[in-house]
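This report covers how helices and strands are arranged in one chain. Have the coordinates open while reading.

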Amino acid sequence: MSKKCPDLVTMLSQLIASPSVSCTQADWDQSNLPVIELLEGWLSHLGFDTEVIPVEGHPGKANLIATLGKGPGGLVLSGHTDTVPFNAERWQSDPLTLTEKDNRFYGLGTCDMKGFFPIAIEAAKKFLDQPLKQPLIILATADEESSMSGARALASTGKPTARYAVIGEPTGMKPIYMHKGMMMESVRIEGKAGHSSDPSLGANALDAMHSVLSELISFRNEMKRDHQNSAFKIAEPTLNLGCIHGGDNPNRICGHCELEYDLRPLPGMSLDNLREDVSRRLAPFADQFGVAITTKSLFPGIPSFANQRDSELVRTAEKLTGFQAESVAFGTEAPFLQDLGMDTIVMGPGSIDQAHQPDEYLAFDQIKPTVAILEKMITQYCL
């Protein structure tokens, strides 16, 4: 495959045609290397120094750091290379073929968020022959949609280093300076099965789970009472009881039961402390019902993110876009880049309403304005 950097539409078409689903289910999960190889080829052709970094413990997954210029500081334009799973039968077009219709580009990842890479590269092209005082870094990560293993790996190794970072998630080019965290947790109860006619023959896991559910609801109400942040549309932490599975037959004492729930903490709330609180509150039910209770994280979780409302990058983004910075409930890789010492915002073309949906699209009228804004940011932070 030629490494020559094509035009924006061709880049987008090739990225969409390279499936890179990340998923906690092994039968869906795919490598992101085809996408990384495309980006590395284009960017190295343009003169970027490129480094492809395999994600340890995740075969077939890699991050890409592409750097133009040298020096301390600089600007990172960051995106993830993976997409969510999809139901092809619900799409009106092939999700892996870029389709132009109604002044929109349709395809899996057009807005979330493969579409950001051609736009960032198009903005970078303007500066190829200009000496940069601070580096421009295009960062491409793995597994944002599942484990965030790519961003975690970068944070653990301390790179890339820069002063500012823009993560191009679909926000309609509104700068986002804060978002909630995300936890997915399970509670598993092991009881003892037996004949339903004599409760003394077993230990009913569903009986214990009833109390667990009540305790989690009480915990949710207490969080709502004690933690509020009016910058969010939903001002309190949320705890959603997502799914429950247990037992095997009506005439058997339920021997096992498992609950999975989602918790979205506000900035300032520690994921580890929340897990400890839940475990402590549920522990007494083990002796009360004669069962074993195990709590487990379904993935490591995403910390909440909060930048200063008046940070340099937030103020610049507000000035360039004409939008006031906002908060969102969904999670991103922002806390990991912030941990690397960067003034970080989330801001990109497209709408989160199209993400994870059939017929995902990126509107034509989002593209040129985004290129222009990124060009101005590169001018300010790299020249």
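Over how many bridges do strand 9 and strand 12 pair, and in which sense? In this predicted model, strand 9 (residues 183-190) and strand 12 pair over 6 bridges, in the antiparallel sense. One residue pair can be named here: V187 has T295 of strand 12 as its bridge partner.

**The sheet**

Strand 9 and strand 12 belong to an open sheet of 4 strands. The order is 10-11-9-12, and the pairing is antiparallel. Which strands stand at the edges? Strand 10 (238-246) and strand 12 (292-297) do. Each has a single partner strand, so one side of each is left without a neighbour in the sheet. From one strand to the next, the twist averages 20°.

**Helices on the sheet**

Two helices lying across strands of this sheet come next. Helix 5 (residues 205-226) lies across strand 9, strand 10, strand 11 (256-264) and strand 12. Helix 5 runs at about 10° to strand 11. Helix 6 (residues 271-282) lies across strand 9, strand 11 and strand 12. The angle of helix 6 to strand 9 is about 20°.

**Helix pairs**

The table gives the packing geometry of two helix pairs.

| Helix pair | Residues | Angle | Axes apart |
|---|---|---|---|
| Helix 1 and helix 2 | 8-16 and 33-45 | about 155° | 9 Å |
| Helix 3 and helix 10 | 116-125 and 367-382 | about 50° | 8 Å |

Take helix 1 and helix 2. Angles over 145 degrees count as roughly antiparallel. At about 155°, helix 1 and helix 2 are therefore roughly antiparallel to each other. Their crossing is right-handed. Helix 1 contributes M11, Q14 and L15 to the contact, and helix 2 contributes V35, L38, L39 and W42. By class, this contact of helix 1 with helix 2 has 6 nonpolar residues, 1 polar residue and no charged residues.

Now helix 3 and helix 10. How are they oriented to each other? Their packing angle is about 50°, and helix 3 and helix 10 are therefore oblique to each other. Helix 3 passes helix 10 in a right-handed crossing. On helix 3, the contact is made by F116, I119, A120, E122, A123 and A124. On helix 10, I367, T370, V371, L374, E375 and I378 make the contact. By class, the contact of helix 3 with helix 10 has 9 nonpolar, 1 polar and 2 charged residues.

Terms used: Residues numbered from 1 in each chain as written. Predicted model: local features only at pLDDT ≥ 70, side-chain atom pairs only at ≥ 80, totals over all residues. Heavy atoms only, no water. Axes fitted to C-alpha atoms, helices over the stretch in contact; angles between N-to-C directions. Parallel < 35°, antiparallel > 145°, perpendicular 65-115°, else oblique. Left-handed = near helix turned anticlockwise from the far one by under 90°. Contact = heavy atoms within 4.5 Å. Nonpolar A, V, L, I, M, F, W, Y, C, P; charged D, E, K, R; others polar. Pairing = 2+ DSSP bridges.
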